[in-house]
Structures are given as structure tokens and as C-alpha cells.
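Thanks for taking a look at this one with me. Here are some short notes to read beside the model.

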Amino acid sequence: MNEFHAHELIDFAVRWIPYGGAGDEEIWIAFGLNGAGYRRRLHAALECTPHTVLDEATRTHLQLHVQLRSSAPRPLVGQ
């Protein structure tokens, strides 16, 4: 992952923090990815971004968000 792409993923995630994270539609519009693909790439971006670029509290918040959203059960169709 190049530095520019990592920065774009992180900036997007930070902008959506006040709203509990971006929904799948916003993620698709911004990156052409489903939610799971976006979270995998965001996780990788957080891992490769130097700690001098992103404060520790924000990094921790985003990592926790990725972890929780990745492990959340999906609703069954029709429920």
C-alpha cells in the first residue's frame, strides 16, 4: 500500500469518527470497496503509518472500530 492511499483511508475514517464510522454506501462511493475490504485496508494503513503522523488515541480508536466492525455478526436477510 502506498503512503497516499494509506493517508486517504485514514483521513476518511477520521472524518467519520463523530458519526460512528462510515456506512457501506459511503465506503463504496469513496473507494469502490465493500465494508470488509475497506476495514482490511484501513487496518493495513494503520499498521504502516508512522506514529508521528497519527496520534495514539485516534489510532487506538480506529483500530478498535475496525476490530469491532469486523467481528460484528451480520443480520440475516429478512431480519
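1. A word on terms before we start: helices (H or I, at least four residues) and strands (E, at least two) are DSSP runs, numbered from the N terminus. Residues are numbered from 1 along each chain as its sequence is written. This is a predicted model, where local features need pLDDT of at least 70, side-chain atom pairs count only at pLDDT 80 or more, and totals for chains, interfaces and linings use all residues.

2. On confidence, pLDDT is the predictor's own score for each residue, from 0 to 100. The protein chain averages 87, and 90% of its residues score at least 70. Among its elements, helix α2 (residues 24–31) has the highest mean pLDDT (96), and helix α4 (residues 56–71) has the lowest (88).

3. Next, the largest nonpolar core (buried Ala, Val, Leu, Ile, Met, Phe, Trp, Tyr and Cys residues joined through side-chain atoms within 4.5 Å; buried means under 20% relative accessible area with a 1.4 Å probe, protein chains only). This core has 15 residues, and those with the most contacts inside it include I10, I27 and Y38. Helices α1, α3 (35–48) and α4 each supply at least two residues of the core, with the largest share, five residues, coming from α1.

4. What does I27 touch, leaving aside residues up to four places away in sequence? Its contacts (heavy atoms within 4.5 Å) are F12, A22, G32, L33, N34, G35 and Y38.

Note on methods
Heavy atoms only, no water. Buried < 20%, exposed > 50% of the residue type's maximum accessible area, 1.4 Å probe, protein only.
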